[in-house]
Amino acid sequence: MNNTPQKETNHDSLAKGVLARIEHDAIKPTSKSLFVFKNFSLWGLWGLALILGGLALSVALFSELNSGWESYEITHPNAFIFFIQSFPLLWMFLFAMLLFFGLYTFRKTKTGYRYSLLIIVFSGLVLTIIGGLLFQGGGFGAQTEALLSRFLPYYVPALHMRESFWLQPERGLYSGIVTAIDTERMELSVQSADGATRTFLTDRIPEEQIENITEGGRVHLFATSSESVERLIACHILTPEEGGLKTLADVGGRRQRILDALEKRAGQLIDTDDIPCETIMMPRGRMMR
Amino acid sequence: MSQENEPSDQDLIRLSLIEKNSFSMIIARYEEPLSRYIRRLGVQNPEDILDILQEIFINVYRNLNEFDASFKFSSWVYRIAHNETINFFRKRRVRPEGHLAENGENILKFIESEEWRGGPSFDTSLNAEVINEAIDALDEKYREIIVLRFFEHKEYDEISDILKIPTGSVGTLIHRAKKRLFEKIDINKIAL
């Protein structure tokens, strides 16, 4: 027996048909709390997208600020190339995706459709940028990156990027961790990110630079090879400052200290007429007055 | 019964949630306007109209608790009606058919309205049919907005709620719809 209500063919009995179907199919109004939950969830997701977007932006900012801007003239031909190579593509992609997700969830809320796309995107962008700057200022960018470095083996943090920029043996640039200091033989052993351990002769390095070097510490070196000496000859050693940079002012400050150190070293090289070292460092003359 | 004594939409919703048979009052109130709206969107077969109406009211009943009093109930119901009609076209893979001939007066009023300003001039008594055909030939999104604005007499904020588009976009869409309509009317060669 067919228990489905007969389809009404008369408009007058539309109500009867509808009510009969409601009865037959046991249709009940969906609970209000479900709609409330849905709307709150959408707003919650929108908020989460903005927060995560802000966090992604803060990591991008931290990564970009700490990838070696203070010495880009040494490591790269120009600022544009440095920017391209240091650009935190993954984080900016994530930022864009989260912004888009925020736009999508906002539009799905009860009144979200009333606002134009431009307003939603613009306000989302403004809020995440503000959030990103606040997170970066609060050190969350650095902490997030440190956490990811610990748990994601393939993640390349800003610090590693900076070190890889400094490792250009063909141009006389070296970087790495000091594994041994031999003051008697005036030698320094440095293990670089490429796995190689190189030994540098430090007889030309001023005392104040040697004093700053510690075993286990990080160094950036200008060095040249010599036919008469088997080891590399260190011309100038920088001990990069540890600690994350948070603002452009921080970058500027660090850059000034490097400039001052290079200028001082330039004077010393000229005084001592150290041709090999002058040769390796002077092409970096953009940074040296 | 005077309009003042008629229960409000809110009252009817409350009653329907308590006793489902009271939902028939909502059906009675909106059956005719929605039926007209569905026809204007391009469904002419009475059986199809009835099917769509039934689906509309089932959905209305099922989602009664979703309705927010900050909205107009009619806008909310029209939104459901709009969606169900579009679903009908998609399921049946048919285009809107028929025309707004029954609304010849409405068409003429529409032409005479301020919003027609900028449109082509012509002999209105001869060309209601021409305008009809031109409206039929419009893309779905333009036809929808013309129907809502000039035949259902919905305000911009109501149209925004029905079509779920930004309030600011309603004016732009109406402007574009009129422009397309004028182009189609020109193609149909209006006699001056």
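Me: If contact means heavy atoms within 4.5 Å, how many residues does the contact take from chain B and from chain A?

Reply: In this predicted model, chain B contributes 33 residues to the contact and chain A contributes 28 residues. The two chains bury about 2,800 Å² between them, with 61% of that area on carbon and sulfur atoms. On the chain B side, L50(B), Q54(B) and N65(B) lose the most area to chain A, and together they account for 21% of what that side buries.

Me: Why is the pair K20(B) and E23(A) called a salt bridge?

Reply: The closest N and O atoms of K20(B) and E23(A) are 3.2 Å apart, and the rule asks for a Lys or Arg side-chain nitrogen within 4 Å of an Asp or Glu carboxyl oxygen, so the pair qualifies. Across the interface of chain B and chain A, the rule finds four salt bridges, and it also finds ten residue pairs in polar contact there. Helix 2 (23–41), helix 3 (46–62) and helix 8 (156–163) of chain B each supply at least two residues to the side that touches chain A, and helix 3 of chain B gives the most, with twelve residues.

Me: What makes E73(A) count as buried?

Reply: The relative accessibility of E73(A) is 8%, and buried means under 20%, so the label follows. Its side chain meets that of R255(A) in a salt bridge, at 2.1 Å from N to O. E73(A) lies in helix 3 (residues 72–75) of chain A and R255(A) in helix 10 (residues 248–272) of chain A, so the pair ties together parts that are 182 residues apart in sequence.

Me: Why is R255(A) called partly exposed?

Reply: R255(A) has a relative accessible area of 25%, and values between 20% and 50% are termed partly exposed, so R255(A) belongs in that class.

Me: How do you know that E6(B) forms a salt bridge with R29(B)?

Reply: Their closest N and O atoms are 3.9 Å apart, and the cut-off is 4 Å, so the pair is accepted. E6(B) sits in the segment before helix 1 (9–18) of chain B and R29(B) in helix 2 of chain B, 23 residues apart. E6(B), with a relative accessible area of 38%, is partly exposed, and R29(B), with 27%, is partly exposed as well. R29(B) also meets D9(B) in a salt bridge, at 2.8 Å from N to O; D9(B) lies in helix 1 of chain B, 20 residues from R29(B).

Me: What joins E70(A), R162(A), E163(A), R218(A) and R254(A) into one network?

Reply: These residues are joined by salt bridges that share partners. A search of the whole structure finds 22 salt bridges over all chains.

Terms used:
Residues numbered from 1 in each chain as written. Chains lettered and ligands numbered in written order. Predicted model: local features only at pLDDT ≥ 70, side-chain atom pairs only at ≥ 80, totals over all residues. Heavy atoms only, no water. Contact = heavy atoms within 4.5 Å. Buried area = accessible area lost by both parts, 1.4 Å probe. Polar contact = N/O pair within 3.5 Å; in protein donor to acceptor, adjacent residues only side chain to side chain. Helix = DSSP H or I, 4+ residues; strand = E, 2+ residues; numbered from the N terminus. Buried < 20%, exposed > 50% of the residue type's maximum accessible area, 1.4 Å probe, protein only.
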